Amino acid sequence: MAANKRWRNAGLYGLLVVVLIALGTAFMGGRPSADNSPRSLRYSDFVASVQNNQISRVLISPDRGTALVVESDGQRAQVNLAPDKDLLKLLTDHNVDIAVQPTRQAPVWQQALGSLLFPLLLLGGLFFLLRRAQGGGGNPAMSFGKSKARVQMEPQTQVTFDDVAGIEGAKLELTEVVDFLKNPDRFTAVGAKIPKGVLLVGPPGTGKTLLAKAVAGEAGVPFFSISGSEFVEMFVGVGASRVRDLFEQAKKNAPCIVFIDEIDAVGRQRGAGLGGGNDEREQTLNQLLTEMDGFEGNTGIIIVAATNRPDVLDQALMRPGRFDRQVVVDRPDYSGRLQILGVHARGKTLSKDVDLDKVARRTPGFTGADLANLLNEAAILAARRQLAEISMDEVNDAIERVMAGPEKKDRVMSEKRKRLVAYHEAGHALVGALMPDYDPVQKISIIPRGRAGGLTFFTPSEERMESGLYSRSYLQNQMAVALGGRVAEEIVYGEDEVTTGASNDLQQVARVARQMVTRFGMSDKLGPVALGRAQGGMFLGRDIAAERDFSEDTAATIDEEVSDLVAVAYRRATTVLSGNRAVLDELADLLVEQETVDAEQLQELLLSRDVHVADYV
Ligand code: ADP
Ligand code: ZN
Ligand code: MG
């Protein structure tokens with residue numbers, strides 16, 4: 001069951017959002033350059049506009065140097081900020097919505113990009129925290145701190161455990177908390193010590209917020225929430241005072257749940273920031289610790305915090321009497337996904353042909369949020385198509401949309417480019433289909449999506465997703481598959497004609513190869529050692545500077561081993577494709593003609609033709 005699995009957070013294992021492996025051809029040149037870059041506004045004009053109440057919203061950049069301004073009529077502009085200490089007061093006086101983009105590390109999906117595979121769900125990672133600063137004179141920092149708008153209170157969340165599916169273990173662990181909130185006296189009477197803090201740990205979209213709300217809903221207590229990144233603001237001292245505020249309000253409303261989302265934004269290991277510590281954050285964290293230690297015994301306040309980065313949290317947070325309880329909220333497995341689909345299918349009109357079981361099987365790696373999104377997309381598609389019910393067609397289209405973004409059917413593609421993309425994708429698909437022990441091809445498409453000129457969808461096996469374990473041969477196959485696009489271009493058009501379309505593929509290959517050598521101990525020359533600390537964004541901040549712990553010689557050997565691995569993969573892809581040139585041509589033709597080819601058609605093609613699979617491994 002999901003909750004019994006240990007939450008794996010190390011680069012490869014934790015963030016395998018490998019729902020599909022999209023081997024996209026990113027055609028950078030061909031993108032229409034839509035004019036959506038905001039015009040720039042002079043600072044003095046900006047101030048004047050604020051005074052005339054013509055500005056509704058301001059998004060301040062992480063370095064506080066610039067801001068994106070939204071005018072009352074919806075127009076956007078960019079402004080370079082002057083160091084003006086009265087600005088804040090001016091903005092609040094004129095009821096401007098202020099959002100400071102927090103200085104954070106790369107959103108989780110970008111970190112996931114740094115992990116082994118090809119994550120495609122670019123969901124919710126990047127967000128601006130919009131909020132309204134309440135007006136009022138006086139010291140702006142003070143009015144910020146007092147601003148109750150940041151602490152949100154829901155007297156009744158209306159969410160129950162019935163709304164949360166697929167994470168039964170986590171629910172079970174929290175029923176105790178519900179019991180306590182309902183009957184604190186019973187527990188106090190027998191001298192039971194109630195946990196003060198519960199830390200929910202899991203990837204984004206798995207239902208942490210939902211679960212916290214459900215606890216409040218089940219217990220019938222108010223739900224206070226605030227996001228950790230909102231604590232960390234530009235004015236020193238604000239975070240700490242906001243924490244005091246929060247607890248003041250909570251005490252008045254006990255029993256209640258206090259939910260701190262993204263606690264890693266404040267609770268990061270102290271002294272860990274890039275370029276020195278962040279005083280503001282540390283003060284906020286200290287205040288939080290003080291508050292948690294301060295309330296004695298069973299006051300009826302239970303703090304629930306959520307994070308997807310337990311690895312960076314300050315150990316002080318985990319001490320007894322603080323967040324001493326951790327509940328893992330993992331990605332749902334197949335049966336969990338089916339239950340979640342069940343929850344979100346409520347209130348939607350699905351036609352009889354919609355088979356949720358099939359959907360659950362096709363979506364390993366999807367979180368609850370992805371699944372909710374999927375069914376919602378399907379409903380929107382059905383409405384757009386003026387249907388009375390959602391049919392399996394909409395559901396299938398929605399799965400792909402959630403994975404890879406909407407298709408861009410209207411983008412004109414020249415016949416020549418269409419053929420090139422077709423060969424590129426056919427190359428990926430054919431190598432994938434002909435490699436022993438690789439994920440099955442789900443669909444090949446040359447309809448552009450996002451920045452991808454075309455995509456080949458693979459269905460990763462549930463088992464691999466579950467265990468997060470990838471064999472050496474799987475990784476070798478994966479590199480060959482990723483190179484398949486480029487190799488097909490080379491074979492068909494000659495080496496001089498290859499395009500930049502494969503640049504994503506090549507980056508992925510290089511990353512896989514390097515990780516095999518330095519992290520998974522899969523190199524013959526270097527043997528089973530891990531070299532250097534985890535790379536990528538995972539530990540950014542704490543040890544970015546301390547990555548290298550090996551000699552120049554070793555570094556050279558690593559490079560050699562990496563290029564060997566890539567060379568072998570390249571050779572294998574070439575062997576497969578040149579040995580099956582006729583099938584490659586046919587598949588490309590089929591793609592040019594139909595734009596998409598599904599699993600069955602590919603199978604049919606492979607079965608009816610003479611394919612050569614034997615001797616390249
Ligand atoms: P997190 O806080 O872990 O990032 P959320 O709780 O914000 O995730 O989930 C976002 C939405 O996704 C929820 O409001 C709900 O609609 C859906 N969702 C996520 N997990 C589940 C789940 N386990 N069961 C039902 N719905 C879920
Ligand atoms: Zn490609
Ligand atoms: Mg959340």
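The paragraphs below lead through a predicted model of a protein chain with a bound zinc ion, from its overall make-up to its metal site, two helix pairs and some backbone details.

The protein chain is built from 23 helices and 14 strands. Of its 617 residues, 52% are buried, and among the contacts with a sequence separation of 6 or more, 77% join residues that lie 24 or more positions apart.

One place where separated parts of the chain are brought together is the site of the zinc ion (ligand 2), which is coordinated by His424 through NE2, His428 through NE2 and Asp505 through OD, at 2.0 to 2.1 Å. Along the chain these donors follow the spacing H-x3-H-x76-D. The pair of His428 and Asp505 links distant parts of the chain, since His428 belongs to helix 17 (residues 415–434) and Asp505 to helix 20 (residues 503–518), with their positions 77 residues apart in numbering. Are these two donors buried or exposed? His428 has a relative accessibility of 0% and therefore counts as buried, and Asp505, with a relative accessible area of 1%, is buried as well.

Turning to helix packing, helix 15 (residues 368–384) and helix 16 (residues 392–404) have axes that come within 8 Å and cross at roughly 125°. Because an angle of this kind falls outside the ranges for roughly parallel, roughly perpendicular and roughly antiparallel pairs, helix 15 and helix 16 are described as oblique to each other, and their crossing is right-handed. On the side of helix 15 the contact is made by Asp370, Asn373, Leu374, Glu377, Ala378, Leu381, Ala382 and Arg384, while helix 16 contributes Glu394, Val395, Asp397, Ala398, Ile399, Arg401 and Val402. Sorted by class, this contact of helix 15 with helix 16 holds 8 nonpolar, 1 polar and 6 charged residues.

The loop between helix 15 and helix 16 contains Gln386, a residue that has a positive phi of about 55° although it is not a glycine. With a relative accessibility of 72%, Gln386 counts as exposed.

A second helix pair is found further along the chain, where helix 22 (residues 581–594) and helix 23 (residues 599–608) pack at an angle of about 150°, with their axes 11 Å apart. That angle makes helix 22 roughly antiparallel to helix 23, because angles over 145 degrees are counted in that way. The crossing of helix 22 and helix 23 is right-handed. Here Val583, Glu586, Leu587 and Gln594 of helix 22 meet Gln601, Leu602, Leu605 and Leu606 of helix 23, and by class the contact comprises 5 nonpolar, 2 polar and 1 charged residues.

Some backbone details remain to be considered. Most residues other than glycine have a negative phi, and most peptide bonds are trans. Against that background, where does Gln158 lie? Gln158 is placed in the loop between strand 6 (152–154) and helix 6 (168–182), and its phi is near 65°, a positive value in a residue other than glycine. At 66% relative accessibility, Gln158 counts as exposed. The peptide bond from Ala254 to Pro255, in turn, is cis, with omega near -5°, and Pro255 lies in the loop that runs between helix 10 (238–252) and strand 9 (256–261).

Conventions
Residues numbered from 1 in each chain as written. Chains lettered and ligands numbered in written order. Predicted model: local features only at pLDDT ≥ 70, side-chain atom pairs only at ≥ 80, totals over all residues. Heavy atoms only, no water. Donors = N, O, S within 2.8 Å, 3.2 Å for Na, K, Ca; no water. Helix = DSSP H or I, 4+ residues; strand = E, 2+ residues; numbered from the N terminus. Buried < 20%, exposed > 50% of the residue type's maximum accessible area, 1.4 Å probe, protein only. Axes fitted to C-alpha atoms, helices over the stretch in contact; angles between N-to-C directions. Parallel < 35°, antiparallel > 145°, perpendicular 65-115°, else oblique. Left-handed = near helix turned anticlockwise from the far one by under 90°. Contact = heavy atoms within 4.5 Å. Nonpolar A, V, L, I, M, F, W, Y, C, P; charged D, E, K, R; others polar.
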